[in-house]
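I opened my notebook to a fresh page for this one. Here is what I looked up, entry by entry.

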Amino acid sequence: MTGVIAIVSDLHGKSNVLKKLMIDVFPAVNEIWWLGDLFYSYKEDKVAMTESTNVLKTLLDYKDKPCTYIKGNTDSIKGFQDFDDQFESDTIVKKQLGNDTIVLTHGHLHETHTALINLAKGNKSQIVLSGHTHIPLLTVEDNIILVNPGSPSIPRDEEETPTYILFNTEKKHFQLIHLLTGSVLN
């Protein structure tokens with residue numbers, strides 16, 4: 001794993017957002033880590049199902065870059081079993097970057113900072129990447145780096161800023177990026 005990795009969470013079946021990511025972001029990265037909630041199972045109305053179906057088809061056909069898919073709490077939609085083989089088999093995935101272990105999870109099973117720190121320590125990790133809250137986070141607590149890319153489609157921060165993360169693996173540097181402007185926020 002070298003180069004730049006796009007880290008995205010909480011797409012929630014928004015095919016227009018996926019298309020923007022595919023055009024503006026994915027060509028410039030080496031790999032993509034999806035931290036869950038690709039689809040939207042809370043509403044199974046026609047619009048949500050059509051959008052999620054478009055996302056499903058697009059992602060099943062996407063072969064340009066290696067992807068890691070973590071299953072989120074809204075990713076179990078009837079009729080979407082075609083994508084189940086793409087998801088990692090566990091809710092926690094470990095990646096190795098040199099001497100550093102990175103834990104990837106959606107976050108619905110580890111919602112507090114304390115729970116994420118304990119998850120990191122239990123996995124001998126220095127970095128935890130999670131989504132679920134739709135609120136971006138780049139911080140260090142108790143010597144653990146906590147990273148949340150927010151959401152490019154349903155942001156819940158005060159400014160409702162659509163975001164994702166770019167992770168430069170060589171510099172070990174995370175950047176929070178505004179989806180619409182491409183500007184670095186943190």
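These entries go through two sheets, a helix pair and one histidine, all in a predicted model.

**Entry 1: the first sheet I traced**

I followed an open sheet of five strands and wrote down the order β3-β2-β1-β9-β10, with mixed pairing. At the edges I found β3 (67-69) and β10 (173-178); each has a single partner strand, so one side of each is left without a neighbour in the sheet. Neighbouring strands here are turned by 20° against each other on average, ignoring direction.

I then looked at the β10 edge. Its pairing with β9 (residues 163-168) is antiparallel and runs over six bridges. Within that pairing, I noted Ile-165 opposite Leu-176 of β10.

**Entry 2: the other sheet**

This one is also open and has five strands, in the order β4-β5-β6-β8-β7, and its pairing is mixed. Which strands stand at the edges? I found β4 (92-97) and β7 (137-141) there, and since each has a single partner strand, one side of each lacks a neighbour in the sheet. The average turn between neighbouring strands of this sheet is 20°, direction ignored.

Next I checked what packs on the sheet. Helix α3 does, touching β4, β5, β6 (127-129), β7 and β8, and its direction makes about 120° with that of β8.

At the β7 edge, I saw that β7 and β8 (residues 144-148) run antiparallel and are joined by five bridges. Glu-141 has Ile-144 in β8 as its bridge partner.

**Entry 3: two helices side by side**

A reminder to myself: a packed helix pair is described by the angle and the distance between the axes. For α1 (residues 15-24) and α2 (residues 46-61), the axes come within 8 Å and cross at roughly 30°. Angles under 35 degrees count as roughly parallel, so I wrote down α1 as roughly parallel to α2.

From α1, the contact uses Ser-15, Asn-16, Leu-18 and Met-22, while α2 brings Glu-51, Asn-54, Val-55, Thr-58 and Leu-59. I sorted these by class and got four nonpolar, four polar and one charged residues.

**Entry 4: His-106**

Where is His-106 placed? I located His-106 in the loop between β5 (100-105) and α3 (113-122). Is His-106 buried or exposed? His-106 counts as buried, because its relative accessibility is 0%.

I also looked for side-chain partners. The His-106 side chain makes a polar contact of 2.9 Å with the side chain of Asn-73. Another polar contact, at 3.2 Å, links the side chains of His-106 and His-132.

How values were computed: Residues are numbered from 1 along each chain as its sequence is written. This is a predicted model: local features need pLDDT of at least 70, side-chain atom pairs count only at pLDDT 80 or more; totals for chains, interfaces and linings use all residues. Side-chain values use heavy atoms; hydrogens and water are left out. Axes are lines fitted to C-alpha atoms, for helices over the stretch in contact, and angles run from 0 to 180 degrees between N-to-C directions. Helices (H or I, at least four residues) and strands (E, at least two) are DSSP runs, numbered from the N terminus. Angles under 35 degrees count as roughly parallel, over 145 as roughly antiparallel, 65 to 115 as roughly perpendicular and the rest as oblique. Contact means heavy atoms within 4.5 Å. Ala, Val, Leu, Ile, Met, Phe, Trp, Tyr, Cys and Pro count as nonpolar, Asp, Glu, Lys and Arg as charged, and the others, Gly among them, as polar. Buried means under 20% relative accessible area, exposed over 50%, partly exposed in between (1.4 Å probe, protein chains only). A polar contact is a pair of N or O atoms within 3.5 Å; within protein, one must be able to donate a hydrogen and the other to accept it, and residues adjacent in sequence count only if both atoms are side-chain atoms. Two strands pair if DSSP finds at least two bridges between them.
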